[in-house]
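I opened this entry to record what I looked up around one strand and the elements that follow. The notes below are kept in the order in which I made them.

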Amino acid sequence: MSLPDQTLSNPASVGTDTIRPLARLLALGRPIVMGVLNVTPDSFSDGGRFLDPSRAIEHARRMVGEGADILDVGAESTRPYGDAVSVPFEEEMRRLDPVLPAVAELGVPVSIDTMKAKVAAAALAAGARIVNDVWGLQRDPAMAGVVAEHAVPVVIMHNRAAADPAIDIMADIKEFLGRSLAIAARSGIARKNIVLDPGIGFGKTPEQSITAIARLAELKAFGLPLLIGASRKRFIDKVSPALPNRRLGGSIAAHVIAVDNGAAIVRTHDVAETVQALKIAAAIRSGQ
Ligand code: HH2
């Protein structure tokens with residue numbers, strides 16, 4: 001699955017060179033590994049570990065050394081499991097400012113994991129090259145405009161305010177992603193710049209998260225690259241009880257199966273182990 005490079009036929013558009021890294025990665029024909037960098041005090045699995053800028057930059061460097069293809073930098077916990085503490089723009093930027101420019105120099109594209117258009121715009125100005133919106137362009141009405149203006153790739157993720165065990169989760173995901181794609185089209189975001197994500201753990205019961213991975217292939221009908229972020233999520237605990245930092249085995253199992261089911265990108269806190277697992281899975285698949 002590949003995103004074609006944008007041509008330089010439109011020199012007026014901002015950031016014509018910025019979509020190439022993702023397009024190149026997706027053209028490699030192997031799963032792409034996105035390493036998570038949470039510059040937060042309260043992320044569900046690693047809150048507080050990388051709030052200090054030097055620790056954050058060191059961790060980013062380590063992940064690149066371990067084989068991360070993309071670094072996903074976030075400064076507001078998305079809190080997939082409730083207790084959301086909303087972080088004001090100024091605070092999100094105060095966390096990102098000392099980290100982003102250095103991380104953007106590490107040689108892999110940086111995505112900005114934010115729900116705020118103003119943060120996305122500032123992060124793109126500071127060197128980020130991809131926007132990762134866990135509300136799929138449906139929360140901040142200015143988000144789609146920022147993505148369109150900068151002509152950068154965007155990860156559109158499914159989300160819900162609350163889980164409802166009674167709904168058909170795949171139908172809900174498809175409907176939501178369809179709405180996001182309509183917003184993207186109206187705003188002038190090129191389809192080739194869009195990655196879709198069913199949002200493991202977000203507004204889903206553990207069973208629904210498992211369904212989203214098991215039936216991921218249904219989302220291939222959109223004809224767009226798919227991303228899965230199963231890393232350390234709660235559905236693992238439901239099947240095999242373990243605290244978030246003891247869920248590596250479950251995360252790897254989920255990501256390997258997600259790739260088999262069509263994921264082009266996996267988002268992980270544990271880059272070295274995930275890269276190794278994906279390589280071994282690929283070697284076995286090809287019978288070598
Ligand atoms: N999951 C989290 C955050 N951002 N983005 C995408 N596209 N897909 C995901 O599954 C996803 C995401 C949650 O994980 P984490 O960043 O570790 O937690 P927190 O949001 O608490 O910082």
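**Strand 3 and its surroundings**

I began with a bridge partner and found that Ile 112 stands opposite Val 131 in strand 4. I note here that the model is a predicted one.

I then looked up the pairing around this position. Strand 3 and strand 4, the latter covering residues 130-133, are joined by three bridges in the parallel sense. I traced the connection between them: the chain leaves strand 3, passes through helix 5 (residues 117-125) and reaches strand 4, in a β-α-β crossover that is right-handed.

I turned next to strand 2, residues 70-74, which pairs with strand 3 in the parallel sense over four bridges. Within that pairing, I found Val 73 to be bridged to Ile 112 of strand 3.

Which way do the residues of strand 3 point? I recorded Val 110 and Ile 112 on one side, with Ser 111 and Asp 113 pointing the other way. Each of these residues is buried. I add the general rule that side chains in a regular strand alternate between the two faces of the sheet.

**Helix 5 and helix 6**

I followed helix 5 to its packing with helix 6, which spans residues 143-150: the angle is about 20°, and the axes are 8 Å apart. Helix 5 is therefore roughly parallel to helix 6, as the angle falls under 35 degrees. I entered the crossing of helix 5 past helix 6 as right-handed.

Lastly, I listed the residues that meet. Helix 5 contributes Ala 117, Ala 120, Ala 121 and Leu 124, and helix 6 contributes Met 143, Val 146 and His 150.

Methods: Residues numbered from 1 in each chain as written. Predicted model: local features only at pLDDT ≥ 70, side-chain atom pairs only at ≥ 80, totals over all residues. Buried ≥ 20, exposed ≤ 12 C-beta atoms within 10 Å, placed from the backbone. Helix = DSSP H or I, 4+ residues; strand = E, 2+ residues; numbered from the N terminus. Pairing = 2+ DSSP bridges. Right-handed = clockwise from strand over helix to strand, strands pointing away. Axes fitted to C-alpha atoms, helices over the stretch in contact; angles between N-to-C directions. Parallel < 35°, antiparallel > 145°, perpendicular 65-115°, else oblique. Left-handed = near helix turned anticlockwise from the far one by under 90°. Contact = placed C-beta atoms within 7 Å.
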